[in-house]
Amino acid sequence: MEELLDPTPGMPELHEPRLPLFTLSEAQELLDVLQHFGTTDHDWGARARHFAAELVARVPSHDA
């Protein structure tokens, strides 16, 4: 699990503490990623579709 907390190469390094919840912008970006991977036809695609549907139900859209 520790490897998930390490900064990803190419991503900006955090200089502030993490918030306990995603910001609206972060949640919308995550939704975009999940929807992209949800187009694949394997177990991870199914998981991505599941969590994308959960986020859609809980996060306002980009247009809102």
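Select R47 to begin: at 42% relative accessibility, this residue counts as partly exposed. The model is predicted, and every value in this tour is computed from it.

**The first salt bridge**

Keep R47 displayed and add D43. The two side chains form a salt bridge, with 3.3 Å between the closest N and O atoms. D43 is likewise partly exposed, its relative accessible area being 48%. Both residues belong to helix α3, where they lie 4 residues apart, about one turn of the helix. An α-helix has 3.6 residues a turn, so residues three or four places apart point the same way.

**The second salt bridge**

How many salt bridges does the structure hold? There are 2. For the other pair, select R58 and E54, whose closest N and O atoms are 2.8 Å apart. R58 and E54 also sit 4 residues apart in helix α3, so about one helical turn separates them. Are R58 and E54 buried, partly exposed or exposed? R58 counts as exposed, at 66% relative accessibility, whereas E54 is partly exposed, at 30%.

**Helix α2**

Next, select residues 24–37, which make up helix α2. This helix has 14 residues and extends 20 Å from its first C-alpha to its last, close to the 20 Å expected at 1.5 Å a residue. Within α2, colour A27, Q28, L31 and L34, the buried residues of the helix. Viewed down the axis, they cover an arc of only 120°, and therefore lie on the same side of α2.

What do the buried residues of α2 pack against? Their partner is α3, residues 43–58; displaying both helices together brings this packing into view. Then turn to the other side of α2, where E29 and H36 are exposed. Colouring these two residues separately from A27, Q28, L31 and L34 sets the exposed positions against the buried ones.

**The whole chain**

Finally, return to a cartoon of the full protein chain. Its secondary structure consists of 3 helices and 0 strands, in the order α-α-α from the N terminus on. The chain has 64 residues, of which 16% count as buried. Switch to a surface representation to end the tour: the accessible surface comes to about 5,900 Å², and carbon and sulfur atoms account for 61% of that area.

Terms used: Residues are numbered from 1 along each chain as its sequence is written. This is a predicted model: local features need pLDDT of at least 70, side-chain atom pairs count only at pLDDT 80 or more; totals for chains, interfaces and linings use all residues. Side-chain values use heavy atoms; hydrogens and water are left out. Buried means under 20% relative accessible area, exposed over 50%, partly exposed in between (1.4 Å probe, protein chains only). Accessible areas come from the Shrake-Rupley method with a 1.4 Å probe; for residues, only the protein chains shown count as cover. The expected span of a helix is 1.5 Å times one less than its number of residues. The arc is that of the directions from the helix axis to the C-beta atoms. Contact means heavy atoms within 4.5 Å. A salt bridge is a side-chain nitrogen of Lys or Arg within 4 Å of a carboxyl oxygen of Asp or Glu.
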